[in-house]
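Hi,

Here is the structure I promised to pass on. Have a look at it first, and then read my notes underneath.

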Amino acid sequence: MEPILQFTDVKLIYHTNHGETIAAENLTFDVKKGEFIAFIGPSGCGKTTLLSLAAGLLQPSEGKVESQGSFGYMLQKDELFPWRTIEKNIYLPLEIKKQNTPENRKHAIALAEKYGLKDFIKSYPSQLSGGMRQRAALIRTLATDPDILLLDEPFSALDYQTRLSVTEDISRIIRSEEKTAVLITHDISEAISLADRIFVLSARPARVTATHELDFGDVKNPLKRRELPGFSGWFEVLWKELNA
């Protein structure tokens, strides 16, 4: 199957008044349609930079980034506008992309109703829990029907208990909608519970130092994965690689 996203020998150099900083080097990997990919790496290694390169917000200094679809970006915080209802927040990307048609609005609201927001469409963000707001943020991202979802540590602002619940919600929605997802996270357990494959990044300049295809079979539910015997083994492997 042809990759939906591919990095080939990507190098990114930041130029400042103090000289050059190499953010990424020899960055090579691919993502297939329908995969859920996770990147883990040490703090400051350039994980967010990787997403910016994927989305075309940054251009590589060397190498190629090729994609076969459109992108949706989900941030660390929900970033819902407090003065707009959930409905109006979900419509926002349709307005920005000039796709605010009755058909597209109907599709967006159908997603919201399908995934538990039916009773909150007319509510404001302040009236929802953190988990519900993050779910609304994902529905907003899906409103324009992107092919690839870029997830920039989307659970990091939540407390642990809420995080587990929301992780399950987000995974279920993404897999149900058959979307390709690229997650960056510093949380090893989160990556194992969600991903089909995990890429380990080095300290800056970011390189892929290891790739792992997880062997959980048909178990995609993040909470159920955490209960499997092999979960702790994967954690140990990845912990050692991150701290090598």
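About 12000 Å² of the chain is exposed, and carbon and sulfur atoms supply 49% of that area (accessible areas come from the Shrake-Rupley method with a 1.4 Å probe, and for residues only the protein chains shown count as cover). Before you go further: this is a predicted model, where local features need pLDDT of at least 70 and side-chain atom pairs count only at pLDDT 80 or more, while totals for chains, interfaces and linings use all residues. Residues are numbered from 1 along each chain as its sequence is written, and side-chain values use heavy atoms, leaving out hydrogens and water.

Now the inside. Of the 244 residues, 49% count as buried (under 20% relative accessible area; exposed is over 50%, partly exposed in between, with a 1.4 Å probe and protein chains only). The chain has eight helices and nine strands (DSSP runs numbered from the N terminus: H or I of at least four residues for helices, E of at least two for strands).

Helix α2 (residues 86–96) is a good place to start, as eight of its 11 residues are buried. Among them are Ile-86, Tyr-91 and Leu-94. The buried residues of α2 pack against α3 (102–114) and α4 (130–142), where contact means heavy atoms within 4.5 Å.

Next, find Leu-50 in helix α1 (residues 47–55). Leu-50 is buried, at a relative accessible area of 2%. Leaving aside residues up to four places away in sequence, Leu-50 touches Phe-7, Leu-27, Phe-29, Phe-39 and Leu-201. Leu-27 sits 23 residues from Leu-50 along the chain, with 9.2 Å between their C-alpha atoms.

The rings are fun too. Searching the whole structure gives six aromatic pairs (rings of Phe, Tyr and Trp, the last by its six-membered ring, with centres within 6.5 Å; planes under 30 degrees apart are stacked, over 60 edge-to-face, and the rest tilted). Phe-29 and Phe-199 make a tilted pair, 5.5 Å centre to centre with 50 degrees between the planes. This pair links distant parts of the chain, since Phe-29 is in strand β2 (residues 19–31) and Phe-199 in strand β8 (residues 197–201), 170 residues apart. Phe-29 counts as buried at 5% relative accessibility, and Phe-199 does at 2%. Phe-81 and Trp-83 form a stacked pair, at 4.8 Å and 10 degrees. Here Phe-81 is partly exposed at 31%, and Trp-83 is exposed at 59%. Ring pairs also join Phe-7, Phe-29, Phe-39 and Phe-199 into a cluster.

Cheers
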